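Visitor: I would like a close look at one part of this model, the sheet that takes in strands from both chains, together with whatever packs around it. Please take your time and connect the pieces as you go.

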Amino acid sequence: MRYNERELLCLARQPAEKAAEILMRVPKKGSVLKKRLVKLVVNFLFYFRTDEAEPIGALLLEHCRITKEEENVFSISFVEEPERKYCFECDSEEQCREWVEALRRASYEFMRRSLIFYRSEIQKMTGKDPLEQYGISEEARFQLGAPR
Amino acid sequence: MKLNERSVAHYATCDSPADHAGFLRKRVERHHHHSHHHHATSYQRRWFVLKGNLLFYFEERESREPVGLVVLEGCTVELCEAAEEFAFAIRFDDAGARAYILVADGQAAMEAWVKALSRASFDYMRLVVRELEKQLEEACKSLAACRKSPQRSSSSGRKRHLSNPALLPLQEKPAVLENGYSTWGSGGGIPGGAVCPDHDGGHAKPPPLPPRRRSAAGTAVGSLAPGLSPAMPESPVSPETDCFSKLHNWYGQEIEVLRREWQERQKRGHP
């Protein structure tokens with residue numbers, strides 16, 4: 001699958017919501033924990049060797065599962081392959097919890113659900129559709145029970 | 001640079017809602033080394049699917065895997081003065097990045113695509129969500145103010161609304177379910193709740209054009225430093241929104257209780 005790698009690299013240089021040096025292990029046989037600079041930008045998690053400007057890789061954070069594992073550790077896996085886990089070992093439980101929290105909210109799908117929820121709540125409370133004045137109330141992606 | 005391509009391709013083809021889809025002709029760039037040759041432009045018809053900030057394209061509508069992906073961050077969408085009618089371009093802030101020239105079937109299709117793509121960025125979505133969070137917070141405050149409860153101290157004004165069943169945000173903190181990803185449940189039986197007399201929350205303007213993600217000036221001061229600062233000050237889209245964290249705290253306790261109850265019900269085999 002072709003993709004605009006150049007733009008993705010550019011995105012990796014943008015200000016991050018969260019960034020830290022964390023030990024990371026990829027789901028590959030024989031792989032070990034390695035120190036990486038991990039950077040969350042929109043719904044992508046980039047990871048760099050700590051002394052390099054260009055990321056080694058990126059994870060699109062859609063349809064993924066963030067699991068709190070043992071102490072200081074969390075993992076990222078994807079719906080279609082739940083056993084393949086990217087593992088991250090933090091410096092502290094607090095850091096671990098913060099990352100889990102941030103990553104769970106990092107998907108576009110999460111925002112979509114939040115939007116639908118807020119819209120619904122506001123409608124219930126005020127009787128008005130908050131999206132109407134933005135001219136986007138008819139968009140399929142904002143409907144409760146969007147078509148599958 | 002590696003990308004979790006398998007997962008990305010799966011996301012492209014799974015049944016999560018697409019924000020827009022349709023046939024478009026995509027201009028193929030061919031490189032000519034001889035400057036005196038004019039570029040031969042050709043177009044390939046592809047099936048395009050927009051999901052969030054990702055624009056996928058497939059060879060055929062029924063193809064099981066996308067042939068390509070355009071990540072729609074840091075770009076603008078504009079009408080294009082190509083030789084083709086109904087053409088538009090996706091251009092990136094990054095100088096030197098090539099633009100994608102796409103051609104729709106007609107005026108309506110072109111307008112629909114331009115509209116959908118202009119609003120596809122993560123930042124735009126985040127902006128709208130923040131706006132709604134604020135509105136909900138204001139609506140909550142209004143509702144709380146509506147209820148006269150002389151026994152409660154004024155400082156618990158915010159807490160009061162937590163007991164209003166209409167405000168139980170079961171999905172505010174999406175529970176990670178066993179099937180691997182959180183889903184949008186129908187949140188069984190949230191009653192309508194009291195309707196407060198309509199308070200005009202002021203004149204809400206439509207959200208501004210999606211802020212361009214400012215590239216951190218090339219060499220990006222501290223872009224590799226751990227524990228980076230979040231979005232730049234002039235961007236309205238700051239991850240640490242005061243409002244959201246407040247809401248989060250308010251609902252937090254209630255969520256825990258509800259989650260426990262929900263999980264217990266699940267164990268007992270209730271749907």
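Guide: In this predicted model, chain A has 3 helices and 8 strands, and along the sequence they follow the pattern β-α-β-β-β-β-β-β-β-α-α. Of the 148 residues of chain A, 59% count as buried, and residues 24 or more positions apart account for 39% of the contacts in this chain with a separation of 6 or more. The area that chain A exposes is about 6,300 Å², with carbon and sulfur atoms supplying 46% of it.

The sheet you ask about is open and mixed in its pairing, and its 8 strands stand in the order 6(A)-7(A)-8(A)-2(A)-3(A)-4(A)-5(A)-1(B). Its edges are strand 6 (64-68) of chain A and strand 1 (2-3) of chain B, and because each has a single partner strand, one side of each is left without a neighbour in the sheet.

Within this order, strand 3 (residues 34-41) and strand 4 (residues 44-49) of chain A pair in the antiparallel sense over 6 bridges, and one of the pairs across them sets Val38(A) against its bridge partner Tyr47(A) in strand 4. Helix 1 (residues 5-12) of chain A packs on the sheet, where it touches strand 3 and strand 4 of chain A as well as strand 1 of chain B, and its direction makes about 80 degrees with that of strand 4. Between strand 3 and strand 4 of chain A lies the loop that holds Val42(A). The phi angle of Val42(A) is near 45 degrees, a positive value in a residue other than glycine, and with a relative accessible area of 0% Val42(A) is buried, since the cut-off for that class is under 20%.

On its other side, strand 3 of chain A pairs with strand 2 (residues 18-25) of chain A, again antiparallel, over 7 bridges. Here Met24(A) stands opposite Lys34(A) of strand 3. Strand 2 of chain A is also joined to strand 8 (residues 81-89) of chain A by 3 bridges, and these two strands run antiparallel; in strand 8 the bridge partner of Met24(A) is Phe88(A). Met24(A) thus has a bridge partner in strand 3 and another in strand 8.

Turning to the packing, the largest nonpolar core has 46 residues, of which Phe44(A) and Phe46(A) touch the most other members. The largest share of this core, 10 residues, comes from helix 3 (residues 122-146) of chain B. Leaving aside residues up to four places away in sequence, the contacts of Phe46(A) include Leu8(A), Leu11(A), Ala12(A), Leu37(A), Val38(A), Val41(A), Pro55(A) and, from the other chain, Met1(B). A second, separate core of 23 residues includes Leu59(A), Ile66(A), Cys90(A) and Leu103(A). As for helix 3 of chain B, its 25 residues reach 36 Å from the first C-alpha to the last, close to the 36 Å expected at 1.5 Å a residue, and the helix is mostly covered, with 18 of its 25 residues buried.

The exchange of strands between chains is also found in a second open sheet of 8 strands with mixed pairing, in the order 1(A)-5(B)-4(B)-3(B)-2(B)-8(B)-7(B)-6(B). There the edge strands are strand 1 (2-3) of chain A and strand 6 (75-79) of chain B, each of which pairs on one side only. Helix 1 (residues 5-13) of chain B lies across strand 1 of chain A and strands 3, 4 and 5 of chain B, running at about 80 degrees to strand 4 of chain B.

Two residues of chain B deserve a note in this second setting. Lys26(B), placed in strand 2 (residues 20-28) of chain B, counts as buried at 6% relative accessibility, and among the residues that it touches are Tyr43(B), Phe48(B), Tyr57(B) and Tyr100(B). Phe86(B) sits in the loop between strand 6 and strand 7 of chain B; its phi is near 60 degrees, a positive value in a residue other than glycine, and at 22% relative accessible area Phe86(B) is partly exposed.

How values were computed
Residues numbered from 1 in each chain as written. Chains lettered and ligands numbered in written order. Predicted model: local features only at pLDDT ≥ 70, side-chain atom pairs only at ≥ 80, totals over all residues. Heavy atoms only, no water. Helix = DSSP H or I, 4+ residues; strand = E, 2+ residues; numbered from the N terminus. Buried < 20%, exposed > 50% of the residue type's maximum accessible area, 1.4 Å probe, protein only. Contact = heavy atoms within 4.5 Å. Areas by Shrake-Rupley, 256 points an atom, 1.4 Å probe, with all protein chains shown as cover. Core = buried A, V, L, I, M, F, W, Y, C linked by side-chain atoms within 4.5 Å. Pairing = 2+ DSSP bridges. Axes fitted to C-alpha atoms, helices over the stretch in contact; angles between N-to-C directions. Expected span 1.5 Å × (residues − 1).
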